[in-house]
Amino acid sequence: MSQFILDLRFGLRSLTRNRSFALVSILTLGVALGANTAIFSFVNAILLKALPYPNAGRIVTIGGYNSLKYTAAGAAEMSWPNITDLRAQSKTLEGVAAYQRATSFLYIGSEPQQLHGTTINAGAFHILGVRPELGHAFDEKDDRLGGPRVMLLSDAVWRRSFGSDRTIIGRQIPFGTAGKTRTVIGILPPGLQFPIDGESNDFWMPLNPTLDSATLTHRGVVFLNTIGLARAGVSLAAVNADVNTIARRLEHQYPDNNTGLRMAASSLQEWLTRDIRAALLILFIAVLLVLLIGCANVANLLLARATARHREIAIRSAIGATRGRIVVQLLTESVILSLLSGGIGLLVAAWGIDLLVAIAPRDLPRLDSIALDTPVLLFTLALSLATGIIFGLAPAIAASRTNLTETLNDASRGSTEGRTRGRLRNTLVAAEIALSLVLLAGSGLLIRSFVQLINVGTGFDHHDVAVVQVSARPSAYKEDAQIVELFRRLTRELGALPGVESISAANALPLGPTEADYSFDIMGQPEFAPGHHPVAITVNILPGYFHTMRMPLLRGRDFTDHDGPAGEKAIIIDETMAQRFFAGQNPIGHKIDLSIDHEGKIIHPRTIVGVTGAVRFESLSQTPKMTVYVPEADSTALRMFLVIRTANAASIAPAVRTVIRRIDPLQPILSISTVEKMRADSLAGRRVTLIVLTILAVLALTLAAVGIYSIMSYSVAQRTSEIGIRMALGAQAPEVFRLILRQSLRITVIGIGTGLIAAAAATRVMRGLLFGVAPGDPMTLTAICIALGAVALVASYVPARQASRVNPMVAIRYD
Amino acid sequence: MTRDHNVNEPLISLHDINKVFFTDELETHALTGIQLTINKGEYVSIGGPSGCGKSTLLSILGLLDEPTSGRYTLAGHEVARLGAPERARIRNREIGFIFQSFNLIGDLNVYENVELPLAYRGAPSAERKRKVETALERVGMAHRARHFPAQLSGGQQQRVAVARALSGEPSILLADEPTGNLDSKNGEAVMDLLRELHRGGATICMVTHDPRFTRYASRTVHLFDGRVVEDTHERAAEEKLSQSGFAVA
């Protein structure tokens, strides 16, 4: 212990007497450790930290998919009858519960408050292991068709809107639509989030009373998410085997809708993070690479310092320090450095986390739990210690290999470092260049992907379009005709606002989520076998939608106010569908039979009256899928997006509110935004990955440049005498300049070569994040090699110039 | 240094020691067939022209280097083929070094420099303090304990180096040109200090090419081309020095 204290004391003394070295090292490592801590705080909160439910380790999510078309990765929602059978037949699951996101309104105060919640089976709270803090959860008696109108509130809503009033239990509150009420039966614990999807969780209601008879019985209506609680000791593989046995049984029993049905169970945590996992892990690897580059830089500084300290080390050795003892002493110094860097890193991380949270997509799961908490602090401490050992070990071992006799005699004063140590320094810089190239390749590919995405044809004009999401109140607009009339009136009156060029409405917009996917048959063409039905995204629109969105109408006509229940059953298809089923034909006049509409009724065949251009739903990276458009008048949706083409799309919100309030003062407005913003939001995840990776790549490049500069400067200083002799023998300044540049070039070429091999392998794991560019894209890699070569050249320029200006008279005496 | 003055007990025995340096193309025979015994309490001076192998011999004696062949016994133990950790342990406990260029550690103050061998030995703090203070008193540098080497003159630095060599109470002090970087006045002072230590019972082996300082030793070993060509004890040395015109103090 006393030796450790002595080492510590010597180490601190040594660093305070070499402030420049200490400062450069601490800042280099501090930034790298800070970046690591910031990214790890995301990895920890999103991927590692257990979900905040008592049963977290046993909760699984179960998704269904058609194995004839998709893989288990495409597992998603299931129909209610299939979920009921799963619950009844499963041997490995203790409970199964379905749920669906819901948005509703609390009528307190002057304007309805929009709340986000979930309709969910009663058993879900047993699965989660959660009990209300106040009151009780709903049970099976509540969760049935025609069950009572009860609900649970979040702690936050209870405090915010009801002032933590404990008498709220059993009280009816104005909720849902104007004039309707629900009885609050419980308040859930503070901070409870379920589902975890970036939306707030304000209320929970029993699922079954919200379903209609068609969705309760039809296995083709697939829209519910499912969770289950694995029995204690049952593995995920066993759950998967069990649910697939059930899926096969259901496939056999109900071939019309279940042909090809398979189910996939995964842990809830894994499922929640499925979209972000790859990007986070890539960023984590990238930030570790930056730390390695930082370590290489500091190791190089330590090697240079060890050369300067070789006499001190020899003295220590001569008076009895073993090699191990010297290594421990030097490692103590490097660990002191790394721990101080860790402290700086925490400051950098605190700032970095704020920045990352600010730019992170809002739907990132568990964003609110990202913090510098105990696991993150322990990670930083462990990483700092490991870093100190990583960058300190090689220089310490190299330094401990001192020739005592030579070093302790004056004759060695002017000697340069040994070949081994020089090779180690060159190797470290080549490794820095290689690692930088890997990072630059990653960010370069993401930049190219992003550019491709931005330039990808959206199929519509996203500029100057305001989007107003409105949900017709069921209590006020009970009939389809009333709903249609509401939206027609809204478009009429909003269309009269100054500056509005055109206006229409749709229940799903390009780049946003779809509302419904329906399978279909084409009249006059052979029927599809069960399980092989094609599926089309179905969008309800008002007339003028294509004009407002500036989507090309390639054939036929738009809908008119005459298309509706009384008129022709019309449908407009997109070019993707036209090319697949009507190649070389005119689809106009052909009839399509959509399996069901959203209420589960069989609809009469519809006649194709137009063909429009294709658009992408969900995100820009999705390929256009077959889409059909039906008139809102013919298949009413309560919730619609009003699209308003106007030059002042970003500032039209107040006028829009005034008009809607005039039409119906109680009419909730869900959101007012622009298509431009929706497009930007759809790119948010990629943008964050791109920004972070680019910052890391620039950091890596800077560190590599500093590494090249420092090794070349050091080399010039070491070779001053040799350069002087060369010049005394007749070497010209340009020859000396080239001599130094050649040395730098050799290291750079080795680094780039190694980096190219590493990048070819490393960028393969990024395939899922790329768009329109292959992992080994030659153009990107060539550009990066040129950029790295240029940076190496610039970093070597100053040392080479210094070398070419050496005064031979002075240099020969250089000692 | 409080050892018994027993001049007949061998402390160091070298038998047929050879040292060959191998480079890419050359074999350089630095030492050839060295036979040398140093008894406890002796003060041996090793002399000879530049390149004769003096420093190589001292490095082997100090276990800083290994002989290519031959046997080396230190205090009754064969040490020629020991591993690096064991050699470090013996250097720490049995040998005290005094170098021409002092070789103090610039980042450590006088006290810490002298304390270093004891620290490597794992000595308790109180023992370290006592021994460091004693050693500094003996060389007259106790008042400079908190100074750094750069704040001292060359002579003072060499006295600190002697204190550091003494602090571990070694069996032998090995001095390599201890006056080489000092002016004549400081050189004399350091030699006086070594003589005092010898009179107190210390065994000293010193390399020097300066004939003025060989007179301080009780025995002179002369090397030429890596071989011992002369081994002269006190009386004979004095006669030789008188013939060459030097007076013995």
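Two strands are taken to pair if DSSP finds at least two bridges between them. In the predicted model described here, this criterion is met by β9(B) and strand β10 (residues 227–233) of chain B, which run antiparallel and are joined by six bridges. Within this pairing, B:T220 stands opposite B:T232 in β10(B). The hairpin formed by β9(B) and β10(B) has two residues between its strands, and B:D225 takes a positive phi there, near 50 degrees. Strand β9 (residues 219–224) of chain B also pairs with strand β3 (residues 43–47) of chain B, in this case in the parallel sense and over four bridges, and B:I46 has B:V221 of β9(B) as its bridge partner.

Chain B further contains an open sheet of four strands, in which the order is β2-β1-β4-β5 and the pairing is antiparallel. Because β2 (27–39) and β5 (77–78) of chain B stand at the edges and have a single partner strand each, one side of each is left without a neighbour in the sheet. The partner of β2(B) is strand β1 (residues 10–22) of chain B, with which β2(B) pairs in the antiparallel sense over nine bridges; B:T28 in β2(B) is the bridge partner of B:F21. In general, the side chains of a regular strand alternate between the two faces of the sheet.

Among the helices of chain B, helix α4 (residues 125–139) packs against helix α5 (residues 154–167) at an angle of about 135 degrees, and the axes of the two lie 8 Å apart. Angles that fall outside the ranges for roughly parallel, roughly antiparallel and roughly perpendicular count as oblique, and α4(B) and α5(B) are therefore oblique to each other. The crossing in which α4(B) passes α5(B) is right-handed. To this contact α4(B) contributes B:K131, B:V132, B:A135, B:L136, B:R138 and B:V139, while α5(B) contributes B:R159, B:V162, B:A163, B:L166 and B:S167. By residue class, the contact of α4(B) with α5(B) comprises seven nonpolar, one polar and three charged residues.

Two features of the backbone may be noted, one in each chain. In chain A, a cis peptide bond joins A:F194 and A:P195, with omega at about -5 degrees, and A:P195 lies in the loop between β7 (181–187) and β8 (203–206) of chain A. In chain B, B:E169 is a residue other than glycine with a positive phi, near 50 degrees, and is placed in the loop between α5 and β7 (172–176) of that chain.

The contact between the chains takes 24 residues from chain A and 26 residues from chain B. On the side of chain A that touches chain B, the elements giving two or more residues are α1 (2–16), α11 (310–318), α12 (323–359) and α14 (404–408) of chain A. The residues of this side divide into eight nonpolar, eight polar and eight charged.

As regards confidence, the model scores ipTM 0.75 and pTM 0.77. Chain B has a mean pLDDT of 85, with 90% of its residues reaching 70 or more. Among the elements of chain B, the highest mean pLDDT (94) belongs to strand β4 (residues 69–74) and the lowest (52) to helix α8 (residues 234–243). The pLDDT is below 50 over residues 1–5 of chain B, a stretch that has 12 contacts in the model beyond near neighbours in sequence. Residues 244–249 of chain B likewise have pLDDT below 50, with seven contacts beyond near neighbours in sequence. Where pLDDT is low, the predicted coordinates should not be read in detail.

Methods:
Residues numbered from 1 in each chain as written. Chains lettered and ligands numbered in written order. Predicted model: local features only at pLDDT ≥ 70, side-chain atom pairs only at ≥ 80, totals over all residues. Contact = placed C-beta atoms within 7 Å. Nonpolar A, V, L, I, M, F, W, Y, C, P; charged D, E, K, R; others polar. pLDDT = per-residue confidence, 0-100. Axes fitted to C-alpha atoms, helices over the stretch in contact; angles between N-to-C directions. Parallel < 35°, antiparallel > 145°, perpendicular 65-115°, else oblique. Left-handed = near helix turned anticlockwise from the far one by under 90°.
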